Amino acid sequence: MTDILVPASLLRDPARFGGTVAGDMRRGHPVVRDGRLVALDAPTGSTTRIVLPQLVEAHCHLDKCHTQHRLGPTGGDLPHAIAMQRADKVHWTEADLRARATRGLSEARAAGCQRIRSHVDWSDDGAPPRAWSVLGELAQDHPQLQRAALTGVMQWTDPDFAQTVARQLTRDEGVLGAFVYDQPGLRDGLQVIFDMANRHGLPLDFHVDEGLGDMNGLEAIADTALATCCKGPILCGHAVSLMDRGGTDLARIIDKLLGARIHICALPTTNLYLQGRTGGTPDRRGLTRLRELHAAGVPIIIGSDNVADAFCPTGAHDPMAALSLALLAAHLDPPLGRWLPAITTDAATALGTAPTFIDGAPLDALLVYDAPDLATVIAGRAPPVSATEVLT
């Protein structure tokens with residue numbers, strides 16, 4: 001058996017795990033007991049493989065994926081994409097939804113994902129949409145699939161809508177999600193959402209500030225979370241307009257995010273494609289402030305978001321591919337191991353689940369990459385295999 005390399009950022013206690021230091025990794029001969037990777041012995045000097053936990057897909061849209069082929073010419077900003085995708089819903093039969101979502105799940109599993117959260121566009125009357133039921137059926141074979149209701153934040157000010165959706169999410173162990181885009185009366189809607197989440201014990205997941213410019217729904221969410229003592233977890237996706245904040249404004253918002261224990265999920269494929277559009281080549285990055293958030297201690301997550309639909313014509317259900325793009329777009333420099341929690345341990349925590357650290361993990365929760373370094377893994381040049389196939 002060859003040596004393995006394990007990122008120190010994915011170990012609870014790197015020094016105690018053994019092996020020798022190899023940059024931001026530990027290197028050694030794997031020690032397996034009772035089906036778990038428990039330690040590293042001294043390196044043998046042979047070739048190496050890299051071991052990671054299974055990846056976590058914290059944000060995707062299985063109800064929308066793989067619709068690009070029937071949309072006709074696309075390419076535009078966020079409102080245009082929303083309109084194009086809404087028009088496609090005439091095709092969303094049970095068979096269509098099941099086929100596309102199954103394809104997306106298969107792609108995510110092949111990329112090394114087990115835990116997956118998919119957002120589902122909610123109906124205007126509060127009743128669960130067809131896609132919610134279809135994904136619920138698929139979750140019987142994919143038990144770590146989470147469903148998040150994607151609602152309009154102001155819909156929650158309607159008491160009937162709020163009660164109907166909250167009860168449905170509670171029954172189905174779903175996630176309360178909402179689209180926050182600088183709506184009038186935003187804080188009233190957020191207050192109801194947080195009250196419902198606390199009352200029913202629901203996790204929260206927001207699409208927030210999905211655009212460059214003068215929006216600050218993120219701070220409104222943090223303020224409401226702090227005022228209501230929300231138990232969480234709270235995940236905020238996009239937060240693109242944070243790029244237009246700096247100095248004391250940025251420091252104030254980051255301080256509130258830390259106090260409210262909010263995770264921020266960057267979604268580079270969709271945001272780079274839709275944001276900053278001009279008449280020519282865009283000269284602004286459609287991302288949130290990943291480097292500043294990470295430096296301040298705010299947990300950052302990276303997700304795949306849209307795949308082959310009106311919001312992104314390409315993409316992949318593969319968090320490693322999303323991380324690779326984020327590294328380039330946001331200048332997330334080496335050592336590369338420090339960014340891996342964004343698609344593994346921190347991502348799991350953001351979904352309200354226990355993170356899988358490598359030390360002591362069962363082999364069926366680990367992946368092995370036949371690669372000499374993390375750059376090869378993140379670039380997608382080494383597909384993962386289950387550790388049970390290699391380390392037993």
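Between which two elements is the loop that holds Pro 233 found? In this predicted model, Pro 233 lies in the loop that runs between helix 7 and strand 11, and the peptide bond that leads to Pro 233 from Gly 232 is cis, with omega near 0°. A cis peptide bond also joins Pro 334 and Pro 335, where omega is about 5°, and Pro 335 is placed in the loop between helix 11 (319-329) and helix 12 (345-350).

Helix 6, which covers residues 186-200, consists of 15 residues and reaches 21 Å from its first C-alpha to its last, close to the 21 Å expected at 1.5 Å a residue. Its buried residues are Leu 186, Gly 189, Leu 190, Ile 193, Phe 194, Met 196 and Ala 197; seen down the axis of helix 6, they fall within an arc of 160° and therefore line one face of the helix. The buried residues of helix 6 are covered by elements including helix 5 (159-172), strand 9 (175-180), strand 10 (204-208), helix 7 (217-228) and strand 11 (234-238), whereas the face turned away from the buried side carries the exposed residues Asp 188 and Arg 199. Just after helix 6, Gly 201 takes a positive phi of about 65°.

Positive phi values are also found in residues that are not glycine. Ala 239, in the loop between strand 11 and helix 8 (247-260), has a positive phi of about 50°, and this residue counts as buried because its relative accessibility is 1%. Arg 261, in the loop between helix 8 and strand 12 (262-266), has a phi near 55°, but with a relative accessibility of 56% Arg 261 counts as exposed.

Note on methods: Residues numbered from 1 in each chain as written. Predicted model: local features only at pLDDT ≥ 70, side-chain atom pairs only at ≥ 80, totals over all residues. Heavy atoms only, no water. Helix = DSSP H or I, 4+ residues; strand = E, 2+ residues; numbered from the N terminus. Expected span 1.5 Å × (residues − 1). Buried < 20%, exposed > 50% of the residue type's maximum accessible area, 1.4 Å probe, protein only. Arc of directions from axis to C-beta. Contact = heavy atoms within 4.5 Å.
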